[in-house]
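Student: I would like to take a close look at a single part of this structure. Could you please guide me through the open sheet, and through what surrounds that part?

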Amino acid sequence: MRIKYLIFNVVFLLLFLASCQTETNTTSTVLEEVDGKIKLPILGEKEVVNGKTVYHTIPNFSFINQDSMLVTNATFKDQIYVVDFFFTSCPTICPKVKRQMLRLYDKFEKEPRLKFLSHSIDIKYDTPDRLKKFGAKLGIKSDRWHLVTGEEDEIFEIADDYFIAAHHDDDAPGGFDHSGRLILVDKDRMVRGFCEGTEPESVTRFMDDIQMLLDEM
Amino acid sequence: MKCKLSLLLFTILLLAIACTHNPFAQGKLLYENQCAGCHGQDGEGFRDLYPPLTNSTNFKADPYNTACIIVNGLEGPMVINDKTYDQRMFAISGLTDVQITNILNYIAYNWNAEIELPLKNEIVKERLLKCAEDPKVY
């Protein structure tokens with residue numbers, strides 16, 4: 001009787017641990033081995049065109065930042081960057097995500113090859129001027145962390161390319177529904193990692209991913 | 001049997017300790033769900049964006065006014081502890097006057113020591129009636 005009970009407990013514990021394992025896999029990156037080196041994977045659908053593998057890449061974009069300067073793909077030439085979507089008066093997840101973005105910003109303070117790109121999805125309210133005030137109150141420098149606005153369609157479309165959901169939702173507090181994910185993009189415009197920007201532990205793991213991508217450069 | 005009984009007693013003891021340590025448990029829960037995102041888990045605020053609720057000159061001057069800020073939101077610059085904050089806060093809907101009283105008491109008890117406790121539900125109700133017609137920020 002006692003042994004049966006013990007076996008049941010052990011099996012239950014193993015099942016429990018296994019479920020934890022799959023749980024963490026959704027928020028941490030699974031590594032790949034390429035040419036004998038451990039690397040972050042290239043995320044997204046791949047296609048084979050004329051015998052060559054074509055990976056998902058971030059298309060051309062053009063937005064305006066808090067200094068009213070144009071921000072394009074060229075802004076991040078030979079650099080990697082972390083992406084998120086927010087709006088300045090977001091009452092729910094954004095403040096949590098901004099706290100975590102700031103952790104990354106501080107952690108990689110001396111790393112010129114890493115930049116940050118936050119897209120506002122409330123283009124009516126978040127003018128470049130408002131974004132500038134927001135950035136100043138947050139205490140960030142615009143050459144390292146771009147807060148951008150632009151055409152609404154283009155912002156929602158590029159969210160899709162970063163595998164982030166962002167759309168209008170009158171039932172959501174503030175009028176927008178969006179995910180709090182942070183996305184890591186490499187110098188070749190490919191998505192290489194992500195984490196949940198609302199979860200400090202997920203962001204801590206993400207720091208290792210960022211370092212790994214920097215080491216690859 | 002003995003083991004089960006002692007476990008039960010231990011649990012009750014733990015609960016009792018947990019409860020005596022926080023007289024405004026409902027307020028804590030509501031604060032953490034509704035307010036902590038911006039104002040911080042410990043009411044510390046966030047950089048110069050969101051004002052702190054700890055030792056807040058504004059809160060101490062008139063804690064009941066915060067009930068109206070919660071239900072109506074707030075827009076425009078505001079000076080708190082000699083610093084200007086200018087971040088739009090949306091109205092928070094769906095809270096009852098009792099829940100708001102609990103939140104105010106949690107903020108007062110934990111971070112604004114000079115306030116005489118508890119803050120009264122009747123006064124919160126009165127204030128909410130007065131500011132019900134004021135414009136809301138959404």
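Tutor: Let us begin with a term: two strands are said to pair if DSSP finds at least two bridges between them. The model before you is predicted. In chain A, five strands form an open sheet in the order 9-8-7-12-13, and their pairing is mixed. As general background, the strands of a sheet pair through backbone hydrogen bonds, either parallel or antiparallel.

Consider the edges next. Strand 9 (145-148) and strand 13 (191-196) of chain A each have a single partner strand, so one side of each is left without a neighbour in the sheet. From one strand to the next, the twist averages 20 degrees.

Let us now follow the edge at strand 9. Strand 8 (residues 114-120) of chain A pairs with strand 9 of chain A in the parallel sense, over four bridges. Two of the residue pairs can be located in the model. His119(A) has Val148(A) as its bridge partner in strand 9 of chain A, and Ser118(A) has Leu147(A) as its bridge partner in that strand. The connection between the two strands also deserves attention: strand 8, helix 3 and strand 9 of chain A make a right-handed β-α-β unit.

In a regular strand, side chains alternate between the two faces of the sheet. Strand 9 of chain A is covered on both faces. Trp145(A) and Leu147(A) are buried on one side, while His146(A) and Val148(A) are buried on the other.

We turn now to a helix that packs on the sheet. Helix 5 (residues 200-216) of chain A touches strand 7 (80-86), strand 8, strand 12 (181-185) and strand 13 of chain A. The direction of helix 5 makes about 165 degrees with that of strand 13 of chain A.

One residue of helix 5 of chain A, Ile210(A), shows this packing in detail. A residue counts as buried if 20 or more other C-beta atoms lie within 10 Å of its own. Ile210(A) has 22 other C-beta atoms within 10 Å, and it is therefore buried. Not counting residues up to four places away in sequence, Ile210(A) touches Phe108(A), Leu114(A) and Leu184(A). Ile210(A) and Ile80(A) are 130 residues apart in sequence, yet 8.7 Å apart in space, C-alpha to C-alpha.

It remains to place the sheet within its chain. Chain A has five helices and 13 strands, and buried residues make up 35% of its 217 residues. Among contacts in chain A between residues at least 6 apart in sequence, 65% join residues at least 24 apart.

Finally, chain A also meets a partner. The contact takes twelve residues from chain A and ten residues from chain B. On the side of chain A that touches chain B, the elements that give two or more residues are helix 2 (94-107) and helix 3 (128-138) of chain A. Helix 3 of chain A thus appears again, having been met above in the β-α-β unit. By class, that side of chain A has four nonpolar, four polar and four charged residues. Chain B itself has seven helices and two strands. For the complex, the predictor gives an ipTM of 0.76 and a pTM of 0.81.

Terms used: Residues numbered from 1 in each chain as written. Chains lettered and ligands numbered in written order. Predicted model: local features only at pLDDT ≥ 70, side-chain atom pairs only at ≥ 80, totals over all residues. Axes fitted to C-alpha atoms, helices over the stretch in contact; angles between N-to-C directions. Contact = placed C-beta atoms within 7 Å. Nonpolar A, V, L, I, M, F, W, Y, C, P; charged D, E, K, R; others polar. Buried ≥ 20, exposed ≤ 12 C-beta atoms within 10 Å, placed from the backbone. Right-handed = clockwise from strand over helix to strand, strands pointing away.
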